[in-house]
Amino acid sequence: MASSDVNAPELMRHVVYHQFGESDVLQVAESPIPAPGEGQVLVRVHSAGMNPIDWKTRKGLGFAARQIENRLPWTPGYDIAGEVVAVGEQVNTLAPGDRVMGLVGFHADGGAYAQYALARADELAIVPDELDLLAAGGVPVAALTAWQALFEVARLEAGQKVLIQAGAGGVGHFAVQFALERGAHVVATASPSNRDFLAELGVHEVIDYHTTDVAEECYGLDVVLDLVGGETGKRALHTLAESGVLVTIPTVTADEIVSAAEAMGLRAHGMTVRPDVFHLEEIAELIEDGDVRVHIERSFVMEQVQAAHALLEGGHVRGKLVLDCR
């Protein structure tokens, strides 16, 4: 094992919960720093992105909760950015000192809300110099979700019209930028307070979902990216062209939206993000070139994790929240 610090500490701080529940189950604990095994690296985490799956899993909801319910206590988080401090056997693509980010430990291992985290070397991409490590922690899950939904599932192409529901959120603010960069005509729903933010990103039309029914405002769309789910997702089916496709991200309501689409003779798909370092490298290149920017609404230190989850669960975050793990 190669390491960059002979005086490294033996213990690390990390967030943990012993049972499912509200945000008050989140605690800060100390544990020994793990050593990387074959194919793994140890990352000193600067930033851990916080995502809706984190609070849903904490409450015992969804597929990830089923995978960890017998593994509690558990450290949440899948998004990391930081510095490689040690590499295991058979790792020759990364070295101590490298600045990296990645979607790690998905779904059952987690572990991002910590000062140190293990990751597979093939899960990590180099962070561009133009992106600080605190912001980089907000990239992997949200950006990969947007990328895979638009380009793998929906197969969005230049010149197509796309509606992105909740365009100012974590996944949404990446999705609008990716779609614009691809040459699509982008419509997004948002609250009035986010209209200027989306206009600055280049969105062509912003719809206030409080006052306007998208089904009355939009029609003949090629792609809808539904980041809200439920009745909002079903309503958006009415905006599709006959050949259009809706991709819905919230897993809890995906089946009912897909069924509703089938009943209307339309196409809809649910999806779950997956680690893909090649996609992440393409995204990093767009950030490096200045074509995509990362918006961090707020960062929290580890002791503020309960307040961070309460804000996350409220569902009205612009861009991303991150945990400062330094």
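**Exercise 1. The second largest pocket**

Task: In this predicted model, find which strands each supply at least two residues of the lining of the second largest pocket, and describe that lining.

Solution.
Step 1. The strands to mark are strand 2 (11–16), strand 3 (27–32) and strand 7 (116–120).
Step 2. Strand 7 gives the largest share of the lining, with 5 residues.
Step 3. The lining has 22 residues in total, and those nearest the centre of the pocket are D109, G110, G111, A117 and L118.
Step 4. Sorted by type, the lining holds 11 nonpolar, 7 polar and 4 charged residues.
Step 5. The space in this pocket comes to about 410 Å³.

**Exercise 2. The whole protein**

Task: Decide how the radius of gyration of the protein compares with the value from the globule rule.

Solution.
Step 1. Begin with the elements: the protein has 11 helices and 16 strands.
Step 2. Its radius of gyration is 20 Å, close to the 20 Å that the globule rule gives for 326 residues, so the protein is as compact as a globular protein of that length.
Step 3. The C-alpha trace spans about 65 × 40 × 35 Å along the principal axes.
Step 4. Of the 326 residues, 55% count as buried.
Step 5. Now take the contacts between residues at least 6 apart in sequence: 68% of them join residues at least 24 apart.

**Exercise 3. Helix 4 and the residue after it**

Task: Work out how many of the 14 residues of helix 4 are buried, then examine R155.

Solution.
Step 1. Helix 4 covers residues 140–153, and 12 of its 14 residues are buried, so the helix is largely enclosed by the rest of the structure.
Step 2. Among the buried residues are P140, W147 and F151.
Step 3. R155 follows helix 4 and lies in the loop between that helix and strand 9 (161–164).
Step 4. R155 has a relative accessible area of 59%; the cut-off for exposed is over 50%, so R155 is exposed.
Step 5. Most residues other than glycine have a negative phi. R155 is not a glycine, yet its phi is positive, about 55°.

**Exercise 4. Backbone exceptions in loops**

Task: State where Q90 is found, and which peptide bonds leading to P73 and H107 are cis.

Solution.
Step 1. Q90 is in the loop between strand 5 and strand 6.
Step 2. Although Q90 is not a glycine, its phi is positive, at about 70°.
Step 3. With a relative accessible area of 63%, Q90 is exposed.
Step 4. Most peptide bonds are trans. The bond from L72 to P73 is cis, with omega near 0°, and P73 sits in the loop between helix 2 (62–68) and strand 5 (79–87).
Step 5. The bond from F106 to H107 is also cis, with omega near 10°; H107 belongs to the loop between strand 6 (99–103) and strand 7.

**Exercise 5. Two helix residues and two cysteines**

Task: Sort H309, D196, C218 and C325 into buried or exposed.

Solution.
Step 1. H309, in helix 11 (residues 305–314), has 0% relative accessibility; buried means under 20%, so H309 is buried.
Step 2. Leaving aside neighbours within four places in sequence, the contacts of H309 include S23, D54, W55 and Y113.
Step 3. D196, in helix 6 (residues 195–201), counts as exposed at 55% relative accessibility.
Step 4. The C-alpha atoms of D196 and V206 are 9.1 Å apart, with their positions 10 residues apart along the chain.
Step 5. C218 is buried at 5%, and C325 is buried at 1%.
Step 6. The disulfide count is 0.

Methods. Residues are numbered from 1 along each chain as its sequence is written. This is a predicted model: local features need pLDDT of at least 70, side-chain atom pairs count only at pLDDT 80 or more; totals for chains, interfaces and linings use all residues. Side-chain values use heavy atoms; hydrogens and water are left out. A disulfide is a pair of cysteine sulfur atoms within 2.5 Å. Buried means under 20% relative accessible area, exposed over 50%, partly exposed in between (1.4 Å probe, protein chains only). On a 1 Å grid over the protein atoms alone, a cavity is a set of points where a 1.4 Å probe fits but cannot get out, and a pocket is an open set with protein on both sides within 12 Å along at least five of seven lines; lining residues have an atom within 4 Å of a point. Grid points are joined across faces, edges and corners, and a volume is the space filled by probe spheres set on the points. Helices (H or I, at least four residues) and strands (E, at least two) are DSSP runs, numbered from the N terminus. Ala, Val, Leu, Ile, Met, Phe, Trp, Tyr, Cys and Pro count as nonpolar, Asp, Glu, Lys and Arg as charged, and the others, Gly among them, as polar. The radius of gyration is taken over C-alpha atoms; the globule rule is 2.2 Å times the number of residues to the power 0.38. Contact means heavy atoms within 4.5 Å.
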